[in-house]
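Please find below my notes on the model you sent round, set out point by point. I have kept to what can be read from the coordinates.

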Amino acid sequence: MTIDEFSNWLSDTAPSRFIQTTDGIIPALQTVHILCVATLFASALVVSLRVLGGGLRSEAPAAVARRFIPPIWACLAVLLSTGLPLIVAEPARTLGNPSFTVKLVAIGLAVALPLLPETFAPRESSRGNPGAWRRILASPPLRMAVVAIFGLEAAVGSITGFIKDGLIARALA
């Protein structure tokens, strides 16, 4: 089954038709989705800037992460809970869109990286220099920065998709 065939099948299901035909559901879902993208973007930007030596210098990077990583996780949960109904309602608009694929990959990496066990961290060995990813995974601040960067990528991908689809222009009109 191709993406187009799956999209056509999904758009003909009862849940899809319900979402498509009920006044206000799609705009409400999109509004919450866009607000969470903005919150995700801002939170990820603050964490990234602090971990990389900028912004909020009065606070330690770990303190900034403790403050801003929970909103990132909360936004990811809300994005999932609003995004799935949007996909069900309009599968052709999202499933075949390359920016949507980039967004999902970035979100997947952002979710997976902090969940990786510490066993992936480099150990003292006779080889000397561990690989770049092992060095990143060994350092909690760098791991947080990578999560924040992927969060930013996901947010930028979402915003790009919204602009491409004209959602922002329609919302402001």
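The numbered points below go from the chain as a whole to single residues and pairs.

1. The model is predicted, and the remarks that follow should be read with that in mind. In its secondary structure the chain comes to 9 helices and 0 strands, and the order of elements from the N terminus is accordingly α-α-α-α-α-α-α-α-α.

2. On burial and surface, the chain has 173 residues, of which 36% are buried. The area that the chain exposes is about 10000 Å², and 69% of that area is supplied by carbon and sulfur atoms. As for the contacts, if one takes those between residues at least 6 apart in sequence, 68% of them join residues at least 24 apart.

3. How many disulfides does the count come to? The count is 0 disulfides. Cys-36 takes part in none, and the nearest cysteine sulfur to its own is that of Cys-75, which lies 4.3 Å away; Cys-75 is likewise in no disulfide, its nearest cysteine sulfur being that of Cys-36 at 4.3 Å. Because a disulfide requires the two sulfur atoms to be within 2.5 Å, the pair Cys-36 and Cys-75, with 4.3 Å to the nearest cysteine sulfur, does not qualify. Both cysteines are nevertheless covered: Cys-36 counts as buried at 11% relative accessibility, and Cys-75 is buried with a relative accessible area of 6%.

4. Thr-82 sits in helix α4, which spans residues 61–89. Is Thr-82 buried or exposed? Its relative accessible area is 6%, and since buried means under 20%, Thr-82 is classed as buried. The side chain of Thr-82 reaches the backbone oxygen of Leu-79 at 3.4 Å. Once neighbours within four places in sequence are left aside, the contacts of Thr-82 are with Leu-29, Val-32 and His-33.

5. One of those partners, Val-32, belongs to helix α3, made up of residues 25–51. Val-32 counts as partly exposed, at 36% relative accessibility. Apart from neighbours within four places in sequence, Val-32 is in contact with Val-78 and Thr-82. The C-alpha atoms of Val-32 and Leu-79 are separated by 8.2 Å, although these two residues stand 47 residues apart along the chain.

6. Ala-42 is also placed in helix α3, and with a relative accessible area of 38% Ala-42 is partly exposed. Between the C-alpha atoms of Ala-42 and Pro-71 the separation is 9.9 Å, and along the chain the two are 29 residues apart.

7. How many salt bridges does the count come to? There are 2 salt bridges by the rule applied. As general background, side chains of opposite charge can pair when their charged atoms come close. In one of the salt bridges, the side chains of Arg-67 and Glu-59 meet at 2.5 Å, N to O; Arg-67 is partly exposed with a relative accessible area of 43%, and Glu-59 counts as partly exposed at 22% relative accessibility.

8. Arg-93 forms a salt bridge with Glu-90, and here the closest N and O atoms are 3.2 Å apart. Arg-93 counts as partly exposed at 22% relative accessibility, while Glu-90 is partly exposed with a relative accessible area of 26%. Given that buried means under 20% relative accessible area, Arg-93 at 22% is therefore not classed as buried.

9. Thr-94 has its place in helix α5, residues 91–95. At 7% relative accessibility, Thr-94 counts as buried. With neighbours within four places in sequence left aside, Thr-94 is in contact with Ile-87 and Phe-100.

10. Which residues form a nonpolar patch on the surface? Met-1, Phe-6 and Trp-9 do, and together they have about 390 Å² of accessible area. Phe-6 lies in helix α1, which runs over residues 3–11, and counts as partly exposed at 32% relative accessibility. Because membership of a patch requires over 30% relative accessible area, Phe-6 at 32% meets that condition.

Notes: Residues are numbered from 1 along each chain as its sequence is written. This is a predicted model: local features need pLDDT of at least 70, side-chain atom pairs count only at pLDDT 80 or more; totals for chains, interfaces and linings use all residues. Side-chain values use heavy atoms; hydrogens and water are left out. Buried means under 20% relative accessible area, exposed over 50%, partly exposed in between (1.4 Å probe, protein chains only). Helices (H or I, at least four residues) and strands (E, at least two) are DSSP runs, numbered from the N terminus. Contact means heavy atoms within 4.5 Å. Accessible areas come from the Shrake-Rupley method with a 1.4 Å probe; for residues, only the protein chains shown count as cover. A polar contact is a pair of N or O atoms within 3.5 Å; within protein, one must be able to donate a hydrogen and the other to accept it, and residues adjacent in sequence count only if both atoms are side-chain atoms. Patches are made of residues with over 30% relative accessible area and no salt bridge: like charges are joined within 9 Å, nonpolar side chains (Val, Leu, Ile, Met, Phe, Trp, Tyr) within 5 Å. A salt bridge is a side-chain nitrogen of Lys or Arg within 4 Å of a carboxyl oxygen of Asp or Glu.
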